[in-house]
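Reader: I would like to go through the terms applied to this model one at a time, setting each value against its cut-off. Could you show me the sequence and the structure before we start?

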Amino acid sequence: MNDIVEEALRLWGMTRAGYELIAARENAVYEVSDARGRFALRLHRQGYRRDAEIRSELAWLAAAAEGGLSVPSPVRTVCGGFLARIGGMQVDVLTWLTGRTLDDALANRAREDRRSLFLALGREMARLHEVSDAWSPPQFFVRVHWDRNGLLGQEPLWDRFWENPELTASDRDLFEGFRRAASDKLEEIGPTLDYGLVHADLVPANVLVDGNALRLIDFDDGGFGYRLFDVATALLKHMPMADFPQFQNCLIEGYRSIRPLDVAELDLFLALRAATYVGWNITRIGEADGTARNERFINSFRSLADKCLRRNVFSAFLA
């Protein structure tokens, strides 16, 4: 792998730079330092994204940065491109952003300061959606769709959650029932929902806090989707916390200070987001913490799916 990194550094004109592997779970990410500053060098996981999808992500990041958001900006090679193939691997370089993760920041803030972080996160999310809507993507632009089919179709983006091998018979019945009802519901209301480019993975690890500034990183799963999906993703992992209701209210308030947000179907999208993790973990159960993580994901989705199925909004689809 070092040979690929060193060849990449040559292509980006950084042959004297130092580098260190800092993440290797999905993409391999190296922190690179040279006289110009710090950068993130990404070696993309093989087979996950086509070249056109990565180039689209990089174009979107450049547009978001130009729009005033604090996001990683793509760095050109010495030949002027943004993406290279080295040893069969897709490689790009982004500007480095400083800050601690949202989880770390929450653990070290007083209650009122914790809530202010969610106000800020709501504003940044809304600004991302606003800038994305104002942008005209290039003709080659192509990204995944977190739509009804991408979430609930026969081949969802993150695998068939209703076929997770650790489900009990009652879980399977519940999850399949939710899938049918949610699919019918999205078919009915989908055209009325705010839909456009979304980050799709605004979990705490992808939100950096630097003083009063929030920075959004890791757009690898970004694409087209319901804006409520971004809201649900940002909230889901905080649900077990005692002050979650305040976090949710603050995030919504922050968002609405920039642009409108209808949260009538937020419970549905919290369940949909939870479902994706049950599917995502299917191929990862064998990892060191895969079994415990799987149980946690199933329990979370079970609770949210049951809540949705008991709501009157689903009654017409369950008759």
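Reader: What makes the contact between the side chains of R50 and E53 a salt bridge?

Author: The term asks for a side-chain nitrogen of Lys or Arg within 4 Å of a carboxyl oxygen of Asp or Glu, and the side chains of R50 and E53 meet at 3.6 Å, N to O, so the pair satisfies the definition. The model is a predicted one, in which local features need pLDDT of at least 70 and side-chain atom pairs count only at pLDDT 80 or more, while totals for chains, interfaces and linings use all residues. Residues are numbered from 1 along each chain as its sequence is written, and side-chain values use heavy atoms, with hydrogens and water left out.

Reader: Why does R50 count as exposed, and is E53 buried or exposed?

Author: Buried means under 20% relative accessible area, exposed means over 50%, and partly exposed lies in between (1.4 Å probe, protein chains only). R50 has 51% relative accessibility and therefore counts as exposed, whereas E53, at 7%, counts as buried.

Reader: How do you know that E7 forms a salt bridge with R10, and where do the two residues lie?

Author: The closest N and O atoms of E7 and R10 are 2.6 Å apart, which meets the criterion already given. Both residues lie in helix α1 (residues 2-11), three residues apart, about one turn of the helix; here helices (H or I, at least four residues) and strands (E, at least two) are DSSP runs, numbered from the N terminus. E7 has a relative accessible area of 28% and is therefore partly exposed, and R10, with 45%, is partly exposed as well.

Reader: Which parts does the pair D92 and R42 tie together?

Author: The side chains of D92 and R42 meet in a salt bridge of 2.8 Å, N to O. D92 lies in strand β5 and R42 in strand β3, so the pair ties together parts that are 50 residues apart in sequence. Both D92 and R42 are buried. By the same rule the count comes to 29 salt bridges, and R25, E287, D289 and R293 are linked in a network of them.

Reader: What makes β2 and β3 a pair, and in which order do the strands of the sheet run?

Author: Two strands pair if DSSP finds at least two bridges between them, and strand β2 (residues 28-34) and strand β3 (residues 37-43) pair in the antiparallel sense over seven bridges. Y30 stands opposite L41 in β3. Five strands form an open sheet in the order β1-β2-β3-β5-β4, with antiparallel pairing.

Reader: Why are α2 and α4 called roughly perpendicular to each other?

Author: Angles under 35 degrees count as roughly parallel, over 145 as roughly antiparallel, 65 to 115 as roughly perpendicular and the rest as oblique; axes are lines fitted to C-alpha atoms, for helices over the stretch in contact, and angles run from 0 to 180 degrees between N-to-C directions. Helices α2 and α4 (residues 111-134) pack at about 110°, with their axes 10 Å apart, and are therefore roughly perpendicular. The contact (heavy atoms within 4.5 Å) is made by W60, A63 and A64 of α2 and L128, V131 and S132 of α4.

Reader: What makes α6 oblique to α9?

Author: Helix α6 (residues 169-189) and helix α9 (residues 266-280) pack at an angle of about 130°, with their axes 12 Å apart. That angle makes α6 oblique to α9. Among the residues that meet are F175 and F178 in α6 and L268 and F269 in α9.
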